[in-house]
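Good morning, and thank you for coming. I would like to take you through one structure today, element by element. Please keep the display in view as I speak.

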Amino acid sequence: MNRTVTLEDLVYGEEDFRDHIPYEDAHGKRRWIYPRKPRGRFHKYRQIMALGLLGLFFTMPHIRWHGQPFFLINIFERKFVILGQVFWPQDTHLLILLLLIFFVTVILFTVAFGRIWCGWTCPQTVFMEMVFRKIEYWVEGDASAQRKLDRQPWNAEKIRKKSLKHALFIIISLLISHTVMMYLVGRDKVFELVTRSPAENWPGFLGLVTFTGIFYFVFSILREHACTFICPYGRLQGVLINPDTLVVAYDFVRGEPRGKLVKGEKAEGKGDCVDCGLCVQVCPTGIDIRNGTQLECVNCTACIDACDEVMDKVKKPKGLVRFASLAQIREGRSFRFTWRMAAYSGVLLVLVSVFFTLIFTRNKVETTILRATGQLYNETSDGKISNLYNVQVINKSFDSLRIRFEMEGLPGVLKSAGHGKEKVIPPQGMLQEVLIFEVEKSQIPQLKNKIQLKLITSQGILDKVSTTFLGPPSKIH
Ligand code: SF4
Ligand code: SF4
């Protein structure tokens with residue numbers, strides 16, 4: 001392809017790779033990536049990490065804590081359980097704090113360690129590289145066998161292998177979608193859904209089918225495009241990474257000028273890179289790490305393992321491609337804890353402290369009292385004034401609560417359905433009650449009177465909330 005040589009080319013060399021993404025050809029058509037099977041020490045660590053994460057992902061919806069799911073993000077009913085702690089809509093501030101902590105942690109890690117999240121813990125990479133890609137290698141073989149299979153005409157072997165691979169992909173996608181659904185609506189509801197006819201719950205059934213379709217599409221077709229085009233975190237790299245950030249990097253000081261190893265030829269004047277291209281062949285996003293840090297790099301470390309193996313063979317020190325910052329490579333200095341990292345760590349520390357203080361000091365119950373709308377007050381036939389209140393009590397504890405209501409601030413009688421009896425609120429349950437407070441006319445000092453509703457248990461006052469009592473001011477005042 002003809003290309004005009006620009007000033008940048010003259011300064012930085014012909015950086016053709018910056019003009020197009022690695023998995024598209026000159027006409028913008030997708031070039032399918034066939035990464036070679038990765039192996040090596042980092043790959044082993046990643047496998048261990050992935051096993052742990054996958055185990056967590058699939059078991060967490062089945063863990064119960066005090067009869068509650070350990071983890072539930074029920075956006076439909078606005079009920080959230082995170083690590084056994086129940087968050088009600090009234091706890092939105094805590095959820096926002098939790099989200100902030102998550103984002104600041106990811107940002108801090110990115111500033112210090114680059115895209116370590118992407119390569120090691122992101123569900124997209126874990127499932128793609130450790131589940132779907134492994135199935136592909138198992139069914140179709142390594143990169144060259146896959147390439148050959150795709151090029152050959154449809155024969156019995158190709159039909160058998162492709163059907164098996166896609167059948168397994170669909171089964172895994174079904175497993176993922178059912179598990180995700182468990183996080184959203186709870187394990188029991190998903191069990192109920194799969195044991196009944198779809199006609200009994202069309203929205204639930206269609207939800208599962210849609211999720212399965214999305215996962216199958218992402219892992220069998222979209223693949224690395226999800227990281228480059230869809231994930232907003234990938235796009236943020238440009239502003240988060242700096243020359244002090246640890247990333248998967250090629251040591252150009254040691255490696256250049258690169259050159260093929262020719263038997264019998266002296267390596268004098270040459271760098272350590274033998275230009276074997278193995279680091280490119282194992283890359284799941286198809287880039288050449290020797291071109292520097294690029295948006296597509298998910299820090300999966302496959303190129304480190306590949307290059308280390310080559311260095312072993314050519315009897316040179318490992319680490320030509322390694323975790324290092326640009327500053328470390330260029331200036332040969334060690335890792336520095338920069339002011340930016342310190343600032344993010346400070347913010348994180350404050351957020352975590354505030355979050356845990358709020359969690360440990362939050363009340364066992366959340367009481368809301370609202371005067372019934374549309375009326376000021378009622379006058380009863382025996383000359384008393386009554387106000388109507390809607391009361392909601394949320395029991396945030398893991399024990400059931402026996403409570404009774406009392407009103408203070410004005411002498412009067414508090415009535416409710418079953419008044420006088422104790423109310424029982426189940427653990428993590430809610431009580432909704434309509435209360436009527438009646439006061440003798442002569443006891444009402446002003447139009448708007450401040451009163452308090454008390455929640456009493458056998459141990460004493462559990463909660464106290466303020467409200468107002470409206471009535472005609474008594475003449476004696
Ligand atoms: S360049 Fe290396 S670390 Fe980055 S995605 Fe490719 S193989 Fe993984
Ligand atoms: S694997 Fe190492 S030696 Fe081979 S091309 Fe890549 S950087 Fe150079």
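I begin with a turn in the chain: β15 and β16 are joined in a hairpin, and two residues make the connection. Please bear in mind throughout that this is a predicted model. The two strands of the hairpin, β15 at residues 448–457 and β16 at residues 460–470, run antiparallel and are held together by ten bridges. Two facing pairs may help you to find the register on the display. K454 has K464 of β16 opposite to it, and K450 faces T468, again in β16.

The hairpin is part of a wider arrangement. Which strands make up the open sheet, and in what order do they lie? There are four, in the order β13-β11-β15-β16, and their pairing is antiparallel. The edges are formed by β13, residues 423–425, and by β16, each of which pairs on one side only. From one strand to the next, this sheet twists by 35° on average.

A second open sheet has three strands, ordered β3-β4-β5, and its pairing is also antiparallel. Why is one side of β3 and of β5 left without a neighbour in this sheet? The reason is that β3 (72–74) and β5 (85–87) stand at the edges, so each has a single partner strand. The average twist here is 20° from one strand to the next. Within this sheet, β4, residues 79–82, runs antiparallel to β5 and is joined to β5 by three bridges. F80 stands opposite F87 of β5, should you wish to locate that pairing.

Let me turn to the division of the chain. The domain assignment gives domain 1 as 21–62 together with 114–331, and domain 2 as 365–470. How far apart are the C-alpha centres of domain 1 and domain 2? The separation is 59 Å.

I now come to helix packing. The axes of α7, residues 156–185, and α9, residues 202–222, come within 8 Å of each other and cross at roughly 130°. An angle of that kind makes α7 oblique to α9. The handedness of the crossing between α7 and α9 is right-handed.

Helix α7 has a further packing partner in α5, residues 123–140; here the axes are 10 Å apart and the angle is about 160°. The helices α5 and α7 are therefore roughly antiparallel to each other. The crossing of α5 past α7 is right-handed.

Next, the ligands. Which residues come nearest to ligand 1? Of the 14 residues around ligand 1, they are C283, I289, C297, C300 and C303. Sorted by class, this shell has eleven nonpolar residues, three polar residues and no charged ones.

Around ligand 2 there are 15 residues, of which C273, C276, L278, C279 and C307 come nearest. This shell comprises eleven nonpolar, two polar and two charged residues. Helices α13, at 278–281, and α14, at 302–313, each supply at least two residues of the shell around ligand 2. Which helix gives the most to that shell? It is α14, with three residues.

Finally, I would draw attention to two details of the backbone. As general background, most residues other than glycine have a negative phi, and most peptide bonds are trans. In this model, the peptide bond from E256 to P257 is cis, and its omega is near -5°. P257 is situated in the loop between α12, residues 252–255, and α13. The loop between α12 and α13 also holds D275. The phi of D275 is positive, near 55°, in a residue other than glycine.

To close, let me return to two points. The C-alpha centres of the two assigned domains lie 59 Å apart, and the hairpin with which I began joins β15 to β16 through two residues. Thank you for your attention; I shall gladly take questions.

Technical notes:
Residues numbered from 1 in each chain as written. Chains lettered and ligands numbered in written order. Predicted model: local features only at pLDDT ≥ 70, side-chain atom pairs only at ≥ 80, totals over all residues. Pairing = 2+ DSSP bridges. Axes fitted to C-alpha atoms, helices over the stretch in contact; angles between N-to-C directions. Near = placed C-beta within 6 Å. Nonpolar A, V, L, I, M, F, W, Y, C, P; charged D, E, K, R; others polar. Domains from an automatic or database assignment. Parallel < 35°, antiparallel > 145°, perpendicular 65-115°, else oblique. Left-handed = near helix turned anticlockwise from the far one by under 90°.
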